[in-house]
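Me: I am new to this one and would like to go through it with you. Could you put it up so that we can start?

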Amino acid sequence: MSDRISEYIAGLFAPEDDLLRALREDADRSGLPPIAVPPETARLLQVLLRAVGARRVLEVGTLAGYSAIWMARALPADARLVSLEIDPAHAEFARRYIARAGLAQRVEVRVGAALQLLPALDGELFDAVFLDADKAPLPTYFEWALRLLRPGGLVIADNTLRGGRVVDEDADDAELRGVREFNRRLATDPRVAGIVVPIGDGVGVGVVLDAAQG
Ligand code: SAH
Ligand code: MG
């Protein structure tokens, strides 16, 4: 999507408030990587969460808490967002802004490698899982998401187009292989109805089908 169209969509649907702007500026100054979702992707997350009436959400990859704050704002007050983050400094930064946003009751950041933390969630059921951490294990994260999602729940993943490199036949690395395999499963796994939405860096969305529909 062209920058002008992205700016048009973000300007109309996803204006940032002072807190989100301060978060981004502080994150940049603090040397955190500038890889939070763009506002239009964050807005899509909000719309999707509201569409499924989400009350329990899992995020993999917190960074500065930017996407977590957007998502938590689309949830009812008694809802819960658990976000997994491997870097303690990122988690600390995120917790600070989540508290400033008045969302500390709704959002819990857990520190550790996602594949180490996910087993502790086994047996819980989520309405949506947002995958936005490392890309090589995306196929494994996909399987975890299907395990943790209720029927009708959403598996969502960011960076499913990798700046267009998914379609570059000469490009090949562990991250690209992870993304391509994730997209393939999202497209073909009979347990989900999926699509990649070419907003931001590509947002994969799949709804978990009832066993009967599969
Ligand atoms: N969702 C955030 C951006 C996440 S960037 C937003 O849009 O605001 C990716 C984050 O995933 C980084 O903070 C990185 O430290 C974290 N990460 C990378 N590998 C991880 C892993 N194996 N487990 C948990 N977090 C991981
Ligand atoms: Mg991302």
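Me: What spacing do the donors of the magnesium ion (ligand 2) follow along the chain?
Reply: In this predicted model, the donors of the magnesium ion (ligand 2) follow the spacing D-x25-D-N.

Me: Which residues are those, and at what distances do they coordinate the ion?
Reply: Asp132 and Asp158 each coordinate the magnesium ion through OD, and Asn159 does so through OD1. The distances are 2.1 to 2.2 Å.

Me: Is Asp158 buried or exposed, and what about Asn159?
Reply: Asp158 is buried, and Asn159 is buried as well.

Me: On to the other ligand. Where does ligand 1 sit?
Reply: Ligand 1 sits in the largest pocket.

Me: Which residues around ligand 1 come nearest?
Reply: There are 20 residues around ligand 1, and Val37, Gly61, Glu85, His90 and Asp132 come nearest. Asp132 is also one of the residues that coordinate the magnesium ion (ligand 2).

Me: What classes make up the shell around ligand 1?
Reply: The shell consists of 10 nonpolar, five polar and five charged residues.

Me: Which atoms of ligand 1 lie 2.8 Å from Val37 and Ser67, and which lies 2.6 Å from Glu85?
Reply: For Val37, an oxygen atom of ligand 1 is 2.8 Å from a backbone N or O atom. For Ser67, a nitrogen atom of the ligand lies 2.8 Å from a side-chain N or O atom. For Glu85, an oxygen atom of ligand 1 lies 2.6 Å from a side-chain N or O atom.

Me: How much of ligand 1's accessible area does the protein cover?
Reply: On its own, ligand 1 has 580 Å² of accessible area, and the protein covers 90% of that.

Key
Residues are numbered from 1 along each chain as its sequence is written. Chains are lettered from A and ligands numbered from 1 in the order in which they are written. This is a predicted model: local features need pLDDT of at least 70, side-chain atom pairs count only at pLDDT 80 or more; totals for chains, interfaces and linings use all residues. Side-chain values use heavy atoms; hydrogens and water are left out. Donors are N, O and S atoms within 2.8 Å of the metal (3.2 Å for Na, K and Ca); water is not among the atoms, so sites may look incomplete. Buried means under 20% relative accessible area, exposed over 50%, partly exposed in between (1.4 Å probe, protein chains only). A residue is near a molecule or strand if one of its heavy atoms lies within 4 Å of it. A polar contact is a pair of N or O atoms within 3.5 Å; within protein, one must be able to donate a hydrogen and the other to accept it, and residues adjacent in sequence count only if both atoms are side-chain atoms. Accessible areas come from the Shrake-Rupley method with a 1.4 Å probe; for residues, only the protein chains shown count as cover. On a 1 Å grid over the protein atoms alone, a cavity is a set of points where a 1.4 Å probe fits but cannot get out, and a pocket is an open set with protein on both sides within 12 Å along at least five of seven lines; lining residues have an atom within 4 Å of a point. A molecule sits in a cavity or pocket if more than half of its atoms lie within 2 Å of its grid points. Ala, Val, Leu, Ile, Met, Phe, Trp, Tyr, Cys and Pro count as nonpolar, Asp, Glu, Lys and Arg as charged, and the others, Gly among them, as polar.
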